Amino acid sequence: MSIRLDVVTIFPDYLAPLDLSLIGKARREGLVDLHVHDLRDFTHDRHRTVDDTPFGGGAGMVMKPQPWAEALDHVLAQPLVSGNVVDMASTRRTQEGVGHAVPRLIVPGPGGVPFSQALAHELAAEAWLAFACGRYEGLDERVYEHAAERMPVTVVSLGDYVLNGGEVAVLAMVEAIVRLVPGVVGNAESLVEESHEDGLLEYPVYTKPAVWDDRGTERPVPPILLSGNHCAIAQWRHQQRLERTAARRPDLLHPSATGGALAALDGRVATAADAPELLTLQRACWVDQGRANDTWDIPPLVETLDDVRAGLTAYTTWVWHSGGRLVASGRGRRAPDDPTTWEVARLMVAPDLQGTGLGRAIMEFVETRAPADVTTFWLNTGHRSERLIRMYKKAGYRLSAAPARHQGTVELTKKRRRTS
Ligand code: JD8
């Protein structure tokens with residue numbers, strides 16, 4: 001599978017860095033089919049004019065519509081050589097078929113939707129992307145109308161600052177997108193624990209020497225990393241991710257409640273310090289499930305404090321407090337055996353608050369925290385937990401045909417519906 005990229009610009013050399021490093025290698029390996037077009041090639045006057053003064057007055061120049069229309073129509077006329085053909089409605093990759101392929105047009109602009117890792121995943125799943133790099137004060141607005149009649153168009157901003165043109169934004173977007181194309185990054189595993197993939201920043205990394213003599217200042221590597229104790233190393237790394245995120249991006253740690261039942265509570269990502277309270281809450285919440293399923297041998301009821309701590313490393317866990325009391329929690333992670341499945345787990349609400357819709361709200365919240373390339377939600381519960389099974393089915397989950405991994409449980413899955 002390859003992805004075709006067409007970039008239109010008045011500065012083709014600006015895109016030369018895409019010949020280098022991973023992207024250059026991906027192009028040579030045929031994983032990326034990148035074409036750069038000079039807008040001036042679609043002018044017909046001696047000065048190859050692409051701009052003119054703005055109607056209504058004002059500073060600067062505006063890019064003329066005609067050259068853009070001809071350039072975009074030229075791109076549209078290009079064959080999608082990797083045999084992937086799609087109709088006007090969708091530009092997603094498809095199996096062999098017949099039809100007329102069109103690219104999804106991305107126009108960088110300071111007023112666009114924020115570029116994000118989620119959007120990078122979405123665009124990496126496309127078969128064909130085109131990028132229109134503006135300059136001056138921007139493109140004549142009628143260029144967007146012309147384009148939207150022929151292909152999907154999205155104006156995207158790299159961030160809340162002002163550049164002089166779209167080329168730098170396209171360089172950043174293409175790198176963020178292409179590295180998510182299967183086969184481009186050698187070890188896809190390394191993509192999983194990255195910042196912005198699961199709402200936490202990455203942990204600090206070290207390499208040899210174990211003690212670095214920095215001009216007489218000895219700088220040792222944290223001993224835990226030399227211990228060989230992979231569980232302890234994973235816990236330490238998760239704690240580092242939490243502390244860094246709290247210090248640098250607290251907004252990521254205090255995701256705005258999805259309104260509704262959670263709005264009145266203080267929500268945040270859990271830390272190791274929450275383990276004791278979580279142990280207490282899970283034991284309180286699973287008593288009913290134990291009685292309903294006629295067994296006390298249920299992980300939330302038999303886990304130790306260390307088990308809860310280990311769970312905080314294996315999953316991203318959220319906690320909600322009311323008046324300083326832990327009243328609710330939920331956690332999520334990519335399924336170990338299928339990274340496109342997001343496990344929604346340990347949904348718990350203090351017994352005195354059950355039946356208020358909090359459980360459903362937490363389930364939906366944990367679903368929203370799934371990385372963009374997740375396609376399926378998974379959860380399990382006791383096979384006799386009728387009330388919970390009913391709630392999950394009402395939320396769109398369906399009993400999984402596959403036999404449940406844990407005795408006395410049922411597993412339910414739900415396909416992820418795209419919101420954007
Ligand atoms: C495309 C022309 C310059 C912008 C007058 C300065 C993206 N995050 C971002 N900041 N700026 C851009 C961007 C700026 C561009 C163009 C993208 C085309 N300009 C204009 C409006 C104000 N000059 C961007 N992505």
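Guide: A residue is near a molecule if one of its heavy atoms lies within 4 Å of it. This is a predicted model, in which local features need pLDDT of at least 70, side-chain atom pairs count only at pLDDT 80 or more, and totals for chains, interfaces and linings use all residues. Residues are numbered from 1 along each chain as its sequence is written, and side-chain values use heavy atoms, with hydrogens and water left out.

Visitor: Which residues surround the ligand most closely?

Guide: By that 4 Å rule, 18 residues surround the ligand, and the closest are Glu137, Ser157, Gly159, Tyr161 and Leu163.

Visitor: What makes the approach of leucine 163 to the ligand a polar contact?

Guide: A polar contact is a pair of N or O atoms within 3.5 Å; within protein, one must be able to donate a hydrogen and the other to accept it, and residues adjacent in sequence count only if both atoms are side-chain atoms. A backbone N or O atom of leucine 163 lies 2.9 Å from a ligand nitrogen, so the pair qualifies. The protein covers 85% of the 530 Å² of accessible area (Shrake-Rupley method, 1.4 Å probe) that the ligand has on its own.

Visitor: What makes serine 157 a polar contact of the ligand too?

Guide: An N or O atom in the side chain of serine 157 is 3.3 Å from a nitrogen atom of the ligand, therefore inside the 3.5 Å limit.

Visitor: How do you know how the shell around the ligand divides?

Guide: Ala, Val, Leu, Ile, Met, Phe, Trp, Tyr, Cys and Pro count as nonpolar, Asp, Glu, Lys and Arg as charged, and the others, Gly among them, as polar. The shell therefore divides into 9 nonpolar, 7 polar and 2 charged residues.
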